[in-house]
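Here's a quick tour of one protein fold, written for someone who'd rather be at the bench. Have a look at the model first, and then we'll walk through a few spots.

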Amino acid sequence: MPQHDIWYETLHDNFGQYFHVDRVLYREKTAHQDLVIFENAAFGRVMALDGVVQTTERDEFIYHEMMAHVPIIAHGQARKVLIIGGGDGGMLREVSRHRDIESITMVEIDAGVITFCRQYLPGHSAGSFDDPRFHLIIDDGVNFVGATNDTFDVIISDCTDPIGPGSSLFTSDFYQGCARCLTPGGIFVAQNGVCFLQQDEAVHSHRKLSHYFSDVGFYQAAIPTYYGGLMTFAWASQDPSLRQLDPATLRARFRAAQLECRYYNSAIHTGSFALPQYLLNALSAPR
């Protein structure tokens, strides 16, 4: 850790954030990543991989609710869900709240992340690793979607930024594999960075996804520790109507799901697909 009990994030070269470190709970170089979990008075327990904040106790619910509930509610009849990454358990927690889902598969490349987070971030998973519908596979996500014979109604790529082990989850091979193992009417979503500071990521993802999906877009949420503006989530499906559901349908599905959320609701769902003009301009610019 840096001296003077301050931890500096290294995601961007010329702009960043810092956290006062009240107590380091764990630090270790795993087979794939440099992992640290520490306590901060403002955001609770913080997990970082390779110098980049991945999740905090204080605001993780925004990210996980939006990544899980937007595609599942939009699908309307999801029974099989695939999570790529998500070793902290937060995505699994939110997906498992949907009672109609019959199976949840998680493909995580680093078993060490799951072990650490079950011990040091237990609120993220909240017991969901013991859900009888849950099946864990330790593998690279690209390998899995390229080889599996299984199909899924919703695929959630809960990936890190496109550096280090997470870089393969932003490739054409990965997107092609996800398209291959989605059921008809299935939905793929993925973390895609803060579009003001990482605009090229969204542009590149849109371009690659468009080769395999007939409807590609983004939705957004404001998450404090993913600083720099709105965080974008890639959205891809073969059915454009799923991105344009009417408010009454969304309200009915949300009520039927009986979810008690802290960020997501049907109005947020609708509004999240409204994107800033600078991103729309970048996506429509000649290539």
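## Two odd backbone spots

With a relative accessibility of 54%, A126 counts as exposed, because the cut-off for that label is over 50%. This is a predicted model, by the way. You'll find A126 in the loop that runs between helix 4 (122–125) and strand 9 (134–138). What makes A126 worth a glance is its phi, near 50 degrees, which is a positive value in a residue other than glycine. For background, most residues other than glycine have a negative phi.

Q258 tells a similar story. Its phi sits near 55 degrees, again positive and again not in a glycine. Q258 is in the loop between helix 8 and helix 9 (266–272), and with a relative accessible area of 59% Q258 is exposed too.

## The largest pocket

Which residues lie nearest the centre of the largest pocket? They are G76, H98, D100, R253 and A257, out of 13 that line it. The space inside comes to about 260 Å³.

Two elements give two or more residues to that lining: helix 1 (60–75) and helix 8 (247–257). Helix 8 gives the most, with three residues. Sorted by chemistry, the lining has six nonpolar, three polar and four charged residues.

## Nonpolar cores

As a rule, nonpolar side chains in soluble globular proteins tend to be buried together. Here the largest nonpolar core has 41 residues, and V95, I156, Y219, F233 and W235 touch the most other members. Helix 1 gives the most to this core, with ten residues.

Take I156 and see what is around it. Leaving out residues up to four places away in sequence, I156 touches M67, A68, V81, L82, I83, I84, M91, V95 and V189. There's also a second, separate core of 29 residues, and C181, F213, V216 and F218 are among them.

## One side of helix 10

Now for helix 10, residues 277–284, where L279, A282 and L283 are buried. Why do these residues end up on the same side of helix 10? They cover an arc of only 95 degrees around the axis, so they share one side of the helix.

And what do the buried residues of helix 10 pack against? Their partners are helix 7 (199–209), strand 12 (215–221) and strand 13 (231–237).

Terms used: Residues are numbered from 1 along each chain as its sequence is written. This is a predicted model: local features need pLDDT of at least 70, side-chain atom pairs count only at pLDDT 80 or more; totals for chains, interfaces and linings use all residues. Side-chain values use heavy atoms; hydrogens and water are left out. On a 1 Å grid over the protein atoms alone, a cavity is a set of points where a 1.4 Å probe fits but cannot get out, and a pocket is an open set with protein on both sides within 12 Å along at least five of seven lines; lining residues have an atom within 4 Å of a point. Grid points are joined across faces, edges and corners, and a volume is the space filled by probe spheres set on the points. Helices (H or I, at least four residues) and strands (E, at least two) are DSSP runs, numbered from the N terminus. Ala, Val, Leu, Ile, Met, Phe, Trp, Tyr, Cys and Pro count as nonpolar, Asp, Glu, Lys and Arg as charged, and the others, Gly among them, as polar. A nonpolar core is a set of buried Ala, Val, Leu, Ile, Met, Phe, Trp, Tyr and Cys residues joined through side-chain atoms within 4.5 Å. Buried means under 20% relative accessible area, exposed over 50%, partly exposed in between (1.4 Å probe, protein chains only). Contact means heavy atoms within 4.5 Å. The arc is that of the directions from the helix axis to the C-beta atoms.
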